[in-house]
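Reader: Please take a close look at one part of this structure for me. I would like the cysteines, and then their surroundings in brief.

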Amino acid sequence: MSQNFVSDIRRKAAARHLRVALPDANDIRAIKAAIELKRERIAVPLLVGSAREIEDVAKANGISIADLEIADPATSTHREKLANVLYEKRKAKGMTPEAAAKTALNQLYFAGLLLDADEVQACVGGNIAATGDLLRAAIHTVGVATGISIVSSYFIMVLADRLLCFADCAVVPEPDEAQLCDIAISSARNFQAVTGEEPRVAMLSFSTKGSAEHPRVEKVQKAAKLLRERAPEIPSDGELQVDSALVASVGLRKCPGSPVAGKANVLIFPDLDSGNIGYKLTQRLAGAEAIGPIVQGLRKPYCDLSRGCSVDDMINVAAICSLMA
C-alpha cells in the first residue's frame, strides 16, 4: 500500500496544482524537490530565500534553476506590504514597525506572510530550520485555525492493509482535555482530506469504558465527551485501549455498539510519550511507513520537516500540504 498511497497523494495534489513555498531553499534537497514538483506538475514551487545563496548552491551541484521562481525577501516588491501586515498582527505583542521590517526579511516569516496573503497556498520548511523557529513563524504569520486552540501534528501510518492517523506524536507534550479534543478534530479533518477515507476517531487510554479509574483516564473521558459535543458528525469513541480501537473481536466484546471500536483509523494518544512511542513501535516492528509529522491546527498549511529529510520526503509533504489547503 505504501507506494500506492504515495502515488495517490501526488496524483491528487497534481490535480490541484497549487503554489507551494519552500522557505529553507538554500539547500540542495529543496532545490531538487522544487525541480521534481515542477517536472511532475505536483505543485508550483516557490523557493524563498537569498537568491544569491540559492543560485550558489545550485551551481555548486551542477544544477540549473533557470526555470524555478525565487522570492528573495531582501529584493521582493512585496517586502514593505508584508512587513506592514506583520506589524499589524504583532503590534499588540509589542512589535515595532522597525522590528516587523527586519523580521519579515527572515525567509520563514516571509513565506508565512506570502501564505497569509494567498500568494501561495502552502509552505513546507524545516529541512534546515528548527521546528520551534518554524512553528513560531507560522503562528505569528498565518495564525491558529478558527475554533482550534492548539497547533499539533499527525502522522499517516501506511501499513500493508490499512492507513492510520496517529496524533499527536511530535508537538504537544501534555495536552489537556480541550486540547485533546482539538487535536482529534484537526486530525480527523486532515485524515479525510489527505486519504479520502471517512475518519473514525478513537481517544486512546490504558482503560476501556471505565475499566480503570485514574485522573489520566478521566482526562480522556472528558476529551471524548467534548469531541462528541463539538463534532457530532465525526464518528468517535473513548476512552478506548488500542486493541479495543483496532481489533474487531476485542472491540465487539469490550464495547458493543461503539461507532468506532475495532475499526478506528484515527488514533488520538493522551500525551506525547505514548504518541511518540506508539508511532515508532508501529514503524519499527510492524514495518509501517511513517509519513510526517505533519503540522496541523494552523489557519493554512505550513508544514515542518525533519532536518534529516530526503528529497522524496519533501515532495510527499508538499503533496499532503496541497491536499490540506
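Author: The cysteines come first, then one helix and one surface patch.

This is a predicted model, where local features need pLDDT of at least 70, side-chain atom pairs count only at pLDDT 80 or more, and totals for chains, interfaces and linings use all residues. Residues are numbered from 1 along each chain as its sequence is written, and side-chain values use heavy atoms, with hydrogens and water left out.

The structure holds one disulfide (a pair of cysteine sulfur atoms within 2.5 Å). Its partners are Cys303 and Cys321, with sulfur atoms 2.4 Å apart. Cys303 lies in strand S11 (residues 302-304) and Cys321 in helix H13 (residues 311-324), so the bond ties together parts that are 18 residues apart in sequence. Helices (H or I, at least four residues) and strands (E, at least two) are DSSP runs, numbered from the N terminus.

Is Cys303 buried or exposed? Cys303 has 0% relative accessibility, so it counts as buried. Cys321 is also at 0% and counts as buried. The cut-offs are these: buried is under 20% relative accessible area, exposed is over 50%, and partly exposed is in between (1.4 Å probe, protein chains only).

Why is Cys123 not bonded to Cys321? The sulfur of Cys123 is 8.3 Å from that of Cys321, its closest cysteine sulfur, and this is too far for a bond. Cys123 is buried, at 0% relative accessibility. Cys169 is in no disulfide either; its nearest cysteine sulfur belongs to Cys165, 8.2 Å away. Cys169 is buried, with a relative accessible area of 1%.

Now helix H8. It has 19 residues, 177-195. At 1.5 Å a residue they should span 27 Å, and the end C-alpha atoms are 27 Å apart, which agrees. The expected span is 1.5 Å times one less than the number of residues. Of the 19 residues in H8, 14 are buried, so the helix is mostly covered. At its start, a side-chain oxygen of Asp176 comes within 3.1 Å of the backbone nitrogen of Ala178. Just after H8, Gly196 has a positive phi of about 80°.

Last, the surface. Ile277, Leu281 and Leu285 make a nonpolar surface patch of about 340 Å². Leu281 sits in helix H12 (residues 272-285). At 47% relative accessibility, Leu281 counts as partly exposed. Patch residues have over 30% relative accessible area and no salt bridge; like charges are joined within 9 Å, nonpolar side chains (Val, Leu, Ile, Met, Phe, Trp, Tyr) within 5 Å. A salt bridge puts a side-chain nitrogen of Lys or Arg within 4 Å of a carboxyl oxygen of Asp or Glu. Accessible areas come from the Shrake-Rupley method with a 1.4 Å probe; for residues, only the protein chains shown count as cover.

Terms used:
Polar contact = N/O pair within 3.5 Å; in protein donor to acceptor, adjacent residues only side chain to side chain.
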